[in-house]
Structure formats: C-alpha cells, structure tokens
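Student: Please choose one part of this model and take me through it closely, in a formal way. I should like to follow how strands, pairing and packing fit together there.

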Amino acid sequence: HPVKLVKVGLLRGPALLALSSRPWICFAEQPQMHVQMLPLSYDVLEYAAGFHTELCPRGIVAISGKTLRIVGIDSGGHQPQMFNQISHPLRYTPRKFVVHPPSRKLIVLESDQQVASEILLPTEGDDMELDGPTPQGQVGDLALPADQAYGPKRAGRGIWSSCIRILDPRNGRTSYTVRLEGNQAAFSICFCRLPNSPWGDHTYLIVGTAKDLTFVPRSCTAGYIYVYQVAEDGNQLKQVHCTEVDNVPYAMCSFQGYLLVGVGKSLRLYDAGRSKLLKKCELNTFPSFICSLQTQGDRVRS
C-alpha cells in the first residue's frame, strides 16, 4: 500500500506513524537518541492522527475499514517493545517444535506427566469429579469449563500423556493431532532427509518417545523413533514405521543424508529401511546422557 506518514506523540516524546500494508512506528530511543522503527501488532489503518484526552493522553484516532477507532500504544510506561506475543492454548506442555517449510505450520510435541490421556477423560456432558475448591471459588462469579479452570485431569505417578499437533500460528487452529498411546512421553523432533528410503527421497518428520519414563533414576521400558510423511499442505501425518530402541532418544538431527540420534549415553547413525530404521554405526563412550545435538558440515557437537 502507499505509505502515509503521521506525527503522533508517545509518553516520552514525539513519534512518526507510517501507514502501509501494516502500521509501523518510528521514534527516538532515550537517552541515546537512537532512531528505531518497529511494526505494530494491529490491523491495517487507512488514516490516523494524534488524539489526546485525559483518559488517553497519547492516543491515536484511526480509520480501519468502515470503523473509526481510538487506540493507544501499549508500552508499559516506556517506549514500545521490539516483540509482541500471541498465546494459543495447548492440551499438554509443549516440549519442542519444528516449522514445516512448505506450509509454514508448526508441528509441536506436547507431553505431561501425571496427566490422564484424553481418551480416558469423560466426554462433554458427563459428570466430572474434581478435587479442590469449586470454579466459583477460584474465579469469582465467572464459572469456567472444567478443562479451562483446572487443566487436564490428574493421574497417578509415572503416567504420561503426549501428542503431536500441527498448528497454524497465524490463526491458532489445529489442523491435525496424533495421540501417542501406551504411556509414551515425547521429547525430540526434527526433519530429516533420507535419500535411501524405499518410499523415495523425501524429507521426513522424526519423533522420539520413551515408554514408562522416570527421571530419578532415569529409566524407561523402551524408546521409539517414529518416521512420518507430512502432507504438502501440512494438514496430515502418515506414519511410515516405528523403530524400538533401548533408551530415551532425547536428541536427534539430520546429518549428511542420515539420522543422528542420541539414545541415552550412545550416539547412533540410522538410515532408512523398509520396516524400520537401520543402525549404521554407534559410539557408546559418552560419560553422560546426550541432551542436544548440533552439526556443521562433517562435525557433530553434543
């Protein structure tokens, strides 16, 4: 859109508002007087002007579409901040995520301990027995649904609930969810190109989980490495196969056409097979648990 410049006022001095396909604000940062230009997290504005009242001492009156709006820049008493955030509620605690390049959607790993799986929860409309105070006791006169007031239903120690979620960050909508059953905890995820795969030279989604995981001492019944194909539009996952390992696959990354995985204290290199991943080599002389992996060229850092 054509750029329009409007002079406005902030709490600490004058500023310049630039209107185009999105609004930007330019101001001088005190006391160094460094000029900064930041995007505003707001709708497209056709026109704006400074607006000053007792309730809004440094405001802006603007036209957006067919509406006239009076807005103020939320800066917490200081200059505007560089970043803004939008919260999207999830079912469990997010552990890691990757970005699907073609669709720009997020693939998020979620897992929680001592939380009952969704398939064990009562359906909507059933009576739910909750411990503790009533919702009115926590939020006043506003009664929230049970899942919003208390979160997922609690379960016994050693019980895990996990899922893989495809989330569109632009609108917060979930397009696909995979529930991981069998008391699995999901902790690692990456994209890996496997040129030797029987299903073609594609970039696959790799997910690492552990069954019956405990932290003190750290142990699990088994670990699993899932291989998924992601649809081009990012709206569906198709499981290729699952490989069982003897420890927690906590870290993984792509490495020169292979999958590099930290399984407990061992570093392993896997290639694609028809029914499971094929272990090509292993280094098991690490003194401690492998928590992260980074690669650069032919070098690996853990």
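Tutor: The answer below begins with the chain as a whole, then turns to one sheet and its surroundings, and ends with a hairpin region further along.

This is a predicted model, in which local features need pLDDT of at least 70 and side-chain atom pairs count only at pLDDT 80 or more, while totals for chains, interfaces and linings use all residues. Residues are numbered from 1 along each chain as its sequence is written, and side-chain values use heavy atoms, with hydrogens and water left out.

The chain contains two helices and 23 strands. Both kinds of element are DSSP runs numbered from the N terminus: helices are H or I with at least four residues, and strands are E with at least two. Of its 302 residues, 38% count as buried. Buried means under 20% relative accessible area, exposed means over 50%, and partly exposed lies in between (1.4 Å probe, protein chains only).

The part to examine is an open sheet of four strands in the order β12-β13-β16-β17, with antiparallel pairing. Two strands are said to pair if DSSP finds at least two bridges between them. The edge strands are β12 (184-194) and β17 (237-245), each of which pairs on one side only. From one strand to the next, the twist averages 25 degrees; such angles run from 0 to 180 degrees between N-to-C directions, with axes fitted as lines to C-alpha atoms (for helices, over the stretch in contact).

Within this sheet, β12 pairs with β13 (residues 202-211) in the antiparallel sense over 10 bridges. Here isoleucine 189 stands opposite valine 207 in β13. Both residues also belong to the largest nonpolar core, which has 18 residues. A nonpolar core is a set of buried Ala, Val, Leu, Ile, Met, Phe, Trp, Tyr and Cys residues joined through side-chain atoms within 4.5 Å. Ile189 and Val207 are among the residues with the most contacts inside this core, as are Ile107, Ile164, Leu205, Tyr228 and Leu237.

Which elements give two or more residues to this core? They are β9 (105-113), β10, β11 (173-180), β12, β13 and β16 (222-230). The largest share, five residues, comes from β16. In soluble globular proteins, nonpolar side chains tend to be buried together.

Isoleucine 107 shows what this packing involves. Leaving aside neighbours within four places in sequence, isoleucine 107 is in contact (heavy atoms within 4.5 Å) with residues including Phe97, Ile164, Ile189, Phe191, Leu205 and Val230.

Two residues of other strands deserve attention next. Arginine 95 lies in β8 (residues 94-100) and is partly exposed, because its relative accessible area is 36%. Arginine 95 and phenylalanine 187 are 92 residues apart in sequence and 6.1 Å apart in space, C-alpha to C-alpha. Phe187 is also one of the residues that arginine 95 touches, along with Leu109, Ser111, Asp112, Trp160 and Ala186, not counting residues up to four places away in sequence. Aspartate 168, by contrast, has its place in strand β10 (residues 160-168) and counts as buried, because its relative accessibility is 11%. Aspartate 168 touches Lys105 and Arg173, with residues up to four places away in sequence again not counted.

The loop leading into the sheet also has a notable residue. Asparagine 183 sits in the loop between β11 and β12. Its phi is near 55 degrees, a positive value in a residue other than glycine. Asparagine 183 counts as buried, because its relative accessibility is 18%.

Apart from the core already described, there is a second, separate core of 16 residues, including Tyr204, Met252, Tyr270 and Leu277. Tyr270 leads to strand β20 (residues 266-271), where six of six residues are buried. Ser266, Arg268 and Tyr270 lie on one side of β20, and Leu267, Leu269 and Asp271 on the other. In a regular strand the side chains alternate between the two faces of the sheet.

β20 pairs in the antiparallel sense over five bridges with β19 (residues 258-263), and likewise over five bridges with β21 (residues 278-283). In the hairpin of β19 and β20, with two residues between the strands, glycine 264 takes a positive phi near 65 degrees. The hairpin of β20 and β21 has six residues between its strands, and arginine 268 has glutamate 282 as its bridge partner in β21.
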